[in-house]
Amino acid sequence: MTNTPTAAPVSPAGAADPSRWLRVHHPRASAAARLVCFPHAGGTANAFTALSAALPEDVELLAVQYPGRQDRRGEPCAQDLSELASGVAQALAGYDDRPLFLLGHSMGALVAFETARLLEERGTVARLFVSAARPPAQDWQEPDLSLVGDEELTAGLRRLGGIPEPLLADPEIAAEILRLLRADHRALLRHRCAPDTRVAAPVTVLLASADPKNSLEQMADWAHHTAGGHEVAALSGGHFSLLERPGESAPPLTRRIREDLARPAAAAASAAPDAEPLADLVRELMMEGLAGRTPRLSTDLTALEAAAGEVMAPEAFAYVSGTAGSGATGRANRTAFDRRHLVPRMLRGTRRTDTSVTLFGQRLPAPVLLAPLAAQQVAHPEGESATARAAAATGVPMVVSTFASRTLEEVAGAAGEHPRWFQLYLPSDRAVGESLVRRAEASGYGAIVVTVDATHLGFRPAELDSGYSPFLRGTGIANFTGDPAFRAGLPADADATQAVLRWAQISTDPTLTWEDLAWLRGLTRLPLLVKGVLHPDDARLALEHGADGVVVSTHGGRQLDGGVSSLDALPAVRAAVGPDVPVLMDSGVRTGSDVVKALALGADAVLYGRPYVYGLGLDGQRGVEHVLRCLLTDLGLALALTGCASLADVGPHLLANGDRR
């Protein structure tokens, strides 16, 4: 848009005339990756000059130059966005020697999206970044600028920011800006995208906090346009924050680029016979430390609760962290782990450890699943969708709560092909219960985990003192409001309040008996686990009425105050059901050593709860991934240090005398 000299065109060998389309402001021949940037409507390649300078030496920025501007002024502007995408895709033909990351700002996000689709056959797009842009299938509600006068359009540009006032004050430059803006908007208005159009690459949405044109709610549908998962990264500032604050924008970009580059290397190292997978995370963090970078979140998984308490809304934190009554059961859960001690064994040659486990015929990479925690949107706007993507990225199956803030279909979409289970609170309306089970079956859930210890809500002072229930505010009831059997019980003109009241009436059933479990068993062929068992007789009754496995659980200490801890109850439950029935446990698990202790006392796997939600509250999907990577690394090291090459080597003998019960 300005008369600033453009960067030198680039022409790699074999490219289809990329010099027309690509500019390099700061060449970096040794860069490990390239970031291809697509400007906004009316913008030029110069828009990314400052961002290019702010990137580190291992990332080279290629800025796209659309036809019709600056050194391409003699060419007609593009008639539609697919024309731009085709030109850029051809120009990038010679750039497949390193991973490509695409970044589009505003209208440029749609061009980047279409370019990523064209490049998928080559497999060169590692990630798509979209900034200040609604999803491609949405109506952007843009006006026809040919009907907007120059003065009105210029005033709108001033309100939006992004263009220095001296440029708008210059009649010649302002006229050129308006010419390009109108031409690009004509192409934008012609663009059409089907709701099910997707790219294979993961998508990171860059959303500025004070952007007047876009909101977090509008960004949610980006999840439907990628098979690789999506996340939202927050920036400060307005619509042009990415370009006006390059020093703040560069860190989120480079962090994600480096993480994506590290994953294939880590996967290759794990597959290599001479690899040292236990050291991957430790080595990675130490190398980052040499460069002066430390983790965003602590690697001490017991410290995350306090950190989350500093950033989460007080009432949301009280909901997640709270326990029943005096908190005695919650404390007992941790005390049970702390009073048991692992005995290290030396010189066992455990360079590699096999943490995989088979449950219900499915091989899982570790004996860890994410526990079903409700209403995760109270911790982060993306809630269970972000958790599902993190679970898939780290190989940990997720158990999705009936009371999730995203529907079970939405979570399944975020998880992709990754294994997941569905946790069921059996409603008093059996038609709704059956509908939930059928939807879980249709959405690819691999097991039903029916929770039996919360037919009455525990006495939880933290929630009561704040007068806060996410459910009564409409968060955590999506699986009901989106259910046809539930909606059938509402008046045709029912409002949100009526939906909440009906949910409160039917969501749980205090009259449940073991015969209801037998009814549920007859409803589905999926593996059925009963969660909330602490007494050995209840474990036997669960099996007698059709359960395939049990979960020893105190509900995280949220139900009965002064109750027995899960870990203390575990050995007797294992003895009651015998060696062949899958037994899982939760409540109090925090570290990899805790997992080993649970396995030593009879668990086949654990459900891991609050720490990952604290990670979600602290840093969204990245926070959950961080927590799980730390846990799995700690688990592998704990096995190695106790002399175990695989889970088959784990047993009571790992615990000190007196700690084996």
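When I speak of residues meeting or being in contact, I mean that their heavy atoms lie within 4.5 Å of each other. With that in hand, and keeping in mind that what we are looking at is a predicted model, let me begin with a pair of helices.

In α10, the residues Leu281, Val282 and Glu284 meet Arg629, Cys630, Thr633 and Leu637, which belong to α25. Sorted by class, this contact has four nonpolar residues, one polar residue and two charged residues. As for the geometry, α10 covers residues 280-290 and α25 covers residues 610-641, and the two pack at an angle of about 120 degrees with their axes 9 Å apart, so α10 and α25 are oblique to each other.

Helix α25 comes back when we turn to the nonpolar cores, since the largest of them has 116 residues, and α25 gives the most to this core, namely 12 residues. Within the largest core, the residues that touch the most other members are Trp421 and Met585. If we set aside residues up to four places away in sequence, tryptophan 421 touches, among others, Leu359, Phe360, Met398, Tyr445, Leu529 and Leu584. There is also a second, separate core of 48 residues, and Ala41, Leu62, Leu178 and Trp222 are included in that one.

Let me finish with one loop residue, serine 507, which sits between α20 (496-506) and α21 (514-521). Is serine 507 buried or exposed? Its relative accessible area is 4%, and serine 507 is therefore buried. Apart from neighbours within four places in sequence, serine 507 is in contact with Phe403, Tyr425, Leu426, Pro427 and Phe480.

Terms used: Residues numbered from 1 in each chain as written. Predicted model: local features only at pLDDT ≥ 70, side-chain atom pairs only at ≥ 80, totals over all residues. Heavy atoms only, no water. Axes fitted to C-alpha atoms, helices over the stretch in contact; angles between N-to-C directions. Helix = DSSP H or I, 4+ residues; strand = E, 2+ residues; numbered from the N terminus. Parallel < 35°, antiparallel > 145°, perpendicular 65-115°, else oblique. Nonpolar A, V, L, I, M, F, W, Y, C, P; charged D, E, K, R; others polar. Buried < 20%, exposed > 50% of the residue type's maximum accessible area, 1.4 Å probe, protein only. Core = buried A, V, L, I, M, F, W, Y, C linked by side-chain atoms within 4.5 Å.
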